[in-house]
Amino acid sequence: MSYGIRLEISGDYALFSRPEMKVERVSYDVITPSAARGVLEAIYWKPQIRWIIDRIHVLNPIRFTNIRRNEIDTKIPLKGKSGVNSAMKAGKGSLGIAVDQHRQQRASLLLRDVRYLIEAHFEILDRRFEKSGPDLSDNEVAGKHLDMFNRRARKGQCFHQPYLGCREFPARFSLIEPGDSIPACHESLRGERDLGFMLHDIAFDQDAKTKKVRSATPRFFRAVMNDGVVEVPPFHAALA
């Protein structure tokens, strides 16, 4: 039995930053699998499951626009006397940033009027976290999670507002029911288009005892769009 879902998302603006651009933000042509996974987790996240993106349908033409935004050139340190860790241990501290002293303008090349359809499924990670106990089969547990996601997506419910790359660009979403057809892509997206190397997701290496993350390695894949559809390979097949 298949436990896949289809979700349509759209927004006025989107910014899926390319990691090779250090100062100015430049977006990929389409949404990345990691950003699509973030949208699904914003609607329904549980430690028992892992969302896997199968394919991405690009429905609207790819249009870019350029804006300038005020940003800050620093961040609150994690370690040190004036860091977050010290303030948490002491119960007090000054963690503020004087915005007027660290403000700078940066340009961003972002997408506008985006609309995608995400096809994805989930895997059951560990049955020990299930409150229903061992009396249910794997199919029943997976069906329970699928029903909860579908119910939340139909009602527009989410744990936090889904966004398209950056939190200032919220995403609208709607569930595509099993019997509904997939909307056709725009005429300009017909044919094959090589989108180059795209970020797939981040591989985290976690210490088994302390549960601390020792390293985070980005993995990439060669994205090719055929008639508006980007097939996402398995994560283990991506390039580190």
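Of the 240 residues in this chain, 37% count as buried. The model is a predicted one, so keep that in mind while you work through these exercises.**Exercise 1. Get the overall picture of the chain.**

Task: work out which secondary-structure elements the chain has, and what its extent, surface and charges look like.

Solution, step by step:
- Start with the elements: there are four helices and 11 strands.
- Next, the extent. The C-alpha trace spans about 55 × 50 × 35 Å along its principal axes.
- Then look at contacts. Among those with a separation of 6 or more, 72% join residues 24 or more positions apart.
- Now the surface: about 14,300 Å² is accessible, and carbon and sulfur atoms own 51% of that.
- Finish with charge. You'll find 38 positive and 30 negative side chains, with the centres of the two sets 8 Å apart.

**Exercise 2. Take apart the largest nonpolar core.**

Task: find which residues have the most contacts inside the largest nonpolar core, and which element gives the largest share of it.

Solution, step by step:
- The core has 43 residues, and those with the most contacts inside it are Leu7, Ile9, Phe16, Trp51, Tyr116 and Phe149.
- Several elements give two or more residues each, including strand E1 (5-14), helix H1 (33-43), strand E3 (49-58) and helix H4 (138-155).
- The largest share, six residues, comes from E5.
- Zoom in on Tyr116. Leaving aside residues up to four places away in sequence, Tyr116 touches, among others, Leu7, Ile9, Phe16, Ile56, Val58 and Leu111.
- Now check H1, one of the contributing elements. Eight of its 11 residues are buried, namely Pro33, Ser34, Ala35, Ala36, Val39, Leu40, Ala42 and Ile43.

**Exercise 3. Hunt for odd backbone angles.**

Task: where do Asp113 and Asp227, with their positive phi, sit in the chain?

Solution, step by step:
- First, the background: most residues other than glycine have a negative phi.
- Asp113 goes the other way, with a positive phi of about 55 degrees. Asp113 is found in strand E5 (residues 103-124), and at 33% relative accessibility it counts as partly exposed.
- Asp227 also has a positive phi, near 50 degrees. Asp227 lies in the loop between strand E10 (213-226) and strand E11 (229-231), and its relative accessibility of 39% makes it partly exposed.

**Exercise 4. Check the cysteines.**

Task: how many disulfides does the structure hold?

Solution, step by step:
- The count is zero.
- Cys158 is in no disulfide, and the nearest cysteine sulfur, that of Cys166, is 18 Å away. A disulfide needs the two sulfur atoms within 2.5 Å, so this pair doesn't qualify.
- Compare their surroundings. Cys158 is partly exposed, with a relative accessible area of 27%, while Cys166 counts as buried at 10%.

**Exercise 5. Place Ser188.**

Task: which residues does Ser188 touch, not counting residues up to four places away in sequence?

Solution, step by step:
- Locate Ser188 in the loop between E8 and E9.
- Its contacts are Pro61 and Arg193.
- With 38% relative accessibility, Ser188 is partly exposed.
- Lastly, try Phe220, 32 residues from Ser188 along the chain: the two C-alpha atoms are separated by 26 Å.

Key:
Residues numbered from 1 in each chain as written. Predicted model: local features only at pLDDT ≥ 70, side-chain atom pairs only at ≥ 80, totals over all residues. Heavy atoms only, no water. Buried < 20%, exposed > 50% of the residue type's maximum accessible area, 1.4 Å probe, protein only. Contact = heavy atoms within 4.5 Å. Areas by Shrake-Rupley, 256 points an atom, 1.4 Å probe, with all protein chains shown as cover. Lys, Arg positive; Asp, Glu negative; His and termini not counted. Charge placed at Lys NZ, Arg CZ, Asp CG, Glu CD. Core = buried A, V, L, I, M, F, W, Y, C linked by side-chain atoms within 4.5 Å.
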